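Got the viewer open? Let's take a walk through this one, a stop at a time.

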Amino acid sequence: AVLKDGLRSQVSAALKEGQVTPTELCQRCLARIKSTKFLNAYITVAEETALKQAEESEERYKRGQPLGILDGIPIAVKDNFNTAGIETTCASNMLKGYISPYNATVVQKLLDQGAVLLGKTNLDEFAMGSGSTDGVFGPVRNPWSYSKQYKEKSVPKSHSEDEESSWVITGGSSGGSAAAVSSFTCFAALGSDTGGSTRNPAAHCGVVGLKPTYGLISRHGLIPLVNSMDVPGILTRCVDDAAVLLGSLAGHDPKDSTTIQDDFRPFELPNLTDVSKLSIGIPKEYHAPGLSSEILGLWSKAADLFKNAGAKVVEVSLPHTRYSIVCYHVLCTAEVASNMARFDGLEYGHRSDKKDSTESMYAATRREGFNDVVRGRILSGNYFLLKQNYEKYFVKAQKVRRLIANDFAKVFRSGVDILLTPTTLSDAAPYTEFIQEDNRTRSAQDDVLTQAANMAGLPAINVPTALSERGLPVGLQFIGRSFQEKQLLTVAKWFEKQVQFPMIQLEEVKRHDNGVFQHQKSASFS
């Protein structure tokens, strides 16, 4: 049962008191990874390394000298963060077999505090997608597909047909990390968030997904997608744990010039009892086309929850939001085209055997190494960056981006503390339905509610809110002021406590690993 506990209050205390050892905890998580292998959440499981790290942690606890709250805690990392000695693939043929000579700053910070790295999680190739379905290692399955809650609501079919056709996606692109946390194989995981890639899968998998303010956490060692928007994301099972991870990761990094210069002081979240001084903004533009009536209803109930508790709830306008997804697409593909140029087959990664000329080797390497999605974005980006198109598309998109950021700044200057919006348009789609549309169409739909926070560099968090009529998780998003993570997380923690999101009841895993879960009551919120 310790696998479902919170870091600060329970697991760390259990380790200190000797109720469980880091090695036992690590072995339990590794066993869980094996019993949930069908989810395809992990690309690489670093069993030998993890057990060695757990043994070292155990020695520190025996000496009474743990490195901190994360010492001995099993974590997972999305496979687009560099890890020394462990393969980093970005779920692409281009980087299959690539082992980085260094750790990403965020990985190194976790290891320096004694965390145990279990492995690298699955994703869309080079983090380009919103379903975790387009990586070379295959799609990630949402743990809720195998939950008692979902199976009770699913239309019964023959067992074999049901298993293969009714499983739902995790969202993306950090779907492996979200599934890993949701299925109790680790206590926390790192994702990346460029346009919603942490919050989207967090919403679909029923976990907390935090996108910090741009510049608060170092990007050094995160293989870049869109440098001006990429942020390391945090996935946990509760808001308090997200605060613990944030305190461990935030702060200046001399290897990343975009990080803040000021020292960051870790904080413990207070238990908010009075919300009467809060002003919650409801952006009318987030009533987007395609928003399900079910999520609209939950959004409205959440606003009423704050209002009934004494908070001021006001409708606000972010007028340039309707242009944001188009603006995001132009800027995203332009930066992708630039970033992907480094994969040429010369220095690292895949190299084609075609050696007629340097140019033919370049072309063959990139054709063989990248999938259609990545090549498509490179082509789009290079089109927008052509001399005759640069002013028309790229420069204009940058100007619109500034207007989008100004919209947020204006709303926060008006006295609004936190914005409350949906995270996704609907609950998780079945895989067979999701792949009917191409990656670009799906990403445009799925990023519509999340990417504006990246364009403005603001902190945002998904909080699991209720189960849909299909028995699948639905989350709501809170967006805060720049570098005001403490206020954002405090409000998110209060909301989390009010809604009492139910714990997943994994029927499939219980057959392998009976008696691990202690189930909570169903969601009172819905």
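A residue is called buried when its relative accessible area is under 20%. Keep that cut-off in mind, and remember that what you have loaded is a predicted model.

**Stop 1: the cysteines.** Select Cys 29. Is it buried or exposed? With a relative accessibility of 0%, Cys 29 counts as buried. Now look for disulfides, using a sulfur-to-sulfur cut-off of 2.5 Å. By that rule the count is 0. Cys 29 is in none, since the nearest cysteine sulfur, that of Cys 26, sits 7.0 Å away. Jump to Cys 238 next: its closest cysteine sulfur belongs to Cys 186 and is 13 Å off, too far for a bond.

**Stop 2: the sheet.** Switch to cartoon and colour the strands. You get an open sheet of 11 strands with mixed pairing, in the order β1-β3-β2-β4-β6-β5-β10-β11-β9-β7-β8. Its edges are β1 (42–45) and β8 (312–316), each of which pairs on one side only. Ignoring direction, neighbouring strands are turned by 30° against each other on average.

Zoom in at the β8 edge. β7 (residues 279–283) runs parallel to β8, and 5 bridges join the two. To see one of them, pick Ile 282, whose bridge partner in β8 is Glu 315.

Now bring in two helices that pack on the sheet. Helix α9 (residues 239–249) touches β4 (188–193), β5 (208–211) and β6 (231–236), and its direction makes about 145° with that of β6. Helix α14 (residues 390–413) touches β8, β9 (418–422) and β11 (473–479), with an angle of about 125° to β9.

**Stop 3: strand β6.** Select β6 and show its side chains. How many of its residues are buried? The count is 6 of 6. Both faces are covered: Val 231, Gly 233 and Leu 235 are buried on one side, and Pro 232, Ile 234 and Thr 236 on the other. Then check the strands it pairs with. β4 and β6 are antiparallel over 6 bridges, and one pair to click on is Ser 192 with Pro 232. β5 is also antiparallel to β6, through 3 bridges; here try Leu 210, which has Ile 234 as its bridge partner.

**Stop 4: the nonpolar cores.** In soluble globular proteins, nonpolar side chains tend to be buried together. The largest nonpolar core here has 140 residues, and Phe 126, Phe 408 and Phe 478 touch the most other members. Centre on Phe 408 and look beyond its neighbours within four places in sequence: it contacts Tyr 286, Leu 318, Leu 419, Ala 452, Ala 456, Leu 458 and Ile 479. Apart from the largest core lies another, of 18 residues, among them Val 168, Ala 429, Phe 434 and Leu 467.

**Stop 5: helix α18.** Finish by selecting residues 485–499, which form α18. At 1.5 Å a residue, its 15 residues should span 21 Å, and the end C-alpha atoms are indeed 21 Å apart. Why call this helix largely enclosed? Because 11 of its 15 residues are buried. Among them are Leu 488, Leu 489, Trp 494 and Phe 495. Show what covers these buried residues, and you'll find elements including β5, α9, α10 (293–308), β9, β10 (460–467) and β11. Last click: Gln 500, which follows α18 and has a positive phi, near 50°.

How values were computed. Residues numbered from 1 in each chain as written. Predicted model: local features only at pLDDT ≥ 70, side-chain atom pairs only at ≥ 80, totals over all residues. Heavy atoms only, no water. Buried < 20%, exposed > 50% of the residue type's maximum accessible area, 1.4 Å probe, protein only. Pairing = 2+ DSSP bridges. Helix = DSSP H or I, 4+ residues; strand = E, 2+ residues; numbered from the N terminus. Axes fitted to C-alpha atoms, helices over the stretch in contact; angles between N-to-C directions. Contact = heavy atoms within 4.5 Å. Core = buried A, V, L, I, M, F, W, Y, C linked by side-chain atoms within 4.5 Å. Expected span 1.5 Å × (residues − 1).
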